[in-house]
Amino acid sequence: MNRTAEITRSTKETNITIKLNLDGSGEAALDYPIGFMKHMLNTFAKHGLFDLDIQASGDLEVDQHHLVEDTGIVLGQCFAKALGDKRGIVRSGSCLYPMDETLARAALDISGRAFLVFEAQLSGVPLTADGIPGGSFQTDTVEDFWQGFVSAAALTLHLDILRGRSDHHKIEALFKAAARALRQACEIDGRAADIIPSTKGVLV
Ligand SMILES: [Mn+2]
């Protein structure tokens, strides 16, 4: 089974192409102009064992909202396409992920219904790497990324920070937890490989 997708989305605000292989090894090739998001997308690929190729540009002279949200949308579209009719998948997944003082939790169901709960307790103060192009990050866009992802992939996702101090750790732990929960949910269930895992018989 070839569980891959390639999607290009171009608007007056952003141009994004993503290639995804659900059954990859965590290889990421990222042409992404926001340093911290590049770090998160790389982390996502690594912890999810997804191969991810992203080329993205956008109207960063406005702010980072359009590009980050649209990246979530296209990534979600790629998951939906690569999963197809969802036959044989485990369907749900969860992960508790600690990063030093921070503890993140992700729980998801590839349900066909888009629902995000996002309780990350971020400070709202941007992360900054002064003087470096793409070196600052608007942390409020993290929720926008996951909202775009959830809407496009049509899944239920709860992301919570249970405790923590550093915004860098909180965001990164959420990406790790979400990637591992997704990896689990997207795996083919060896005991039910030819079954669509729903009493309804469909997952749309
Ligand atoms: Mn980091």
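This tour proceeds through a predicted model, from a metal site to a sheet, its helices and two buried residues.

**The manganese site**

Begin by selecting the manganese ion together with His39, His168 and Glu172, the residues that supply its protein donors. The donor atoms are NE2 in both His39 and His168 and OE in Glu172, at 2.0 to 2.2 Å from the ion. Along the sequence, the donor residues follow the spacing H-x128-H-x3-E.

Next, display helix α4, residues 167-186, which holds His168 and Glu172. Because these two residues are 4 positions apart in the helix, about one helical turn separates them. Colouring by accessibility adds further detail: His168 is partly exposed, with a relative accessible area of 31%, whereas Glu172 is buried, at 8%.

**The four-stranded sheet**

Now select the open sheet of 4 strands, whose order is β1-β2-β4-β3 and whose pairing is mixed. The edge positions are taken by β1 (4-10) and β3 (28-31); each has a single partner strand, so one side of each lacks a neighbour in the sheet. On average, neighbouring strands are turned by 0° against each other, direction ignored.

Focus on β1 and on β2, residues 14-21: these strands run antiparallel and are joined by 7 bridges. One residue pair to pick out is Thr4 and its bridge partner in β2, Asn21.

**Helices across the sheet**

Add helix α1, residues 35-48, which lies across β3 and β4 (51-58). Its direction is at about 160° to β3. Then show α2, which lies across β1, β2 and β4 and runs at about 35° to β2.

**Lys86**

Move to the loop between α2 (65-83) and β5 (92-99), where Lys86 is located. Which side chain of opposite charge is nearest to Lys86? It is Asp109, 8.8 Å away; Lys86 is buried yet has no salt bridge. Beyond its neighbours within four places in sequence, Lys86 is in contact with Ile110, Gly112, Ile195, Pro197, Leu203 and Val204.

**Ala106**

Finally, select Ala106 in strand β6, residues 102-109. This residue is buried, with a relative accessible area of 0%. Leaving aside neighbours within four places in sequence, the contacts of Ala106 include Gly93, Ser94, Cys95, His158 and Leu159. Ala177, Ala178 and Ala181 are also among the residues in contact with Ala106. To end, draw a C-alpha to C-alpha distance from Ala106 to Leu174: the two are 68 residues apart in sequence and 7.0 Å apart in space.

Key:
Residues numbered from 1 in each chain as written. Predicted model: local features only at pLDDT ≥ 70, side-chain atom pairs only at ≥ 80, totals over all residues. Heavy atoms only, no water. Donors = N, O, S within 2.8 Å, 3.2 Å for Na, K, Ca; no water. Buried < 20%, exposed > 50% of the residue type's maximum accessible area, 1.4 Å probe, protein only. Lys, Arg positive; Asp, Glu negative; His and termini not counted. Salt bridge = Lys/Arg side-chain N within 4 Å of Asp/Glu carboxyl O. Contact = heavy atoms within 4.5 Å. Pairing = 2+ DSSP bridges. Axes fitted to C-alpha atoms, helices over the stretch in contact; angles between N-to-C directions.
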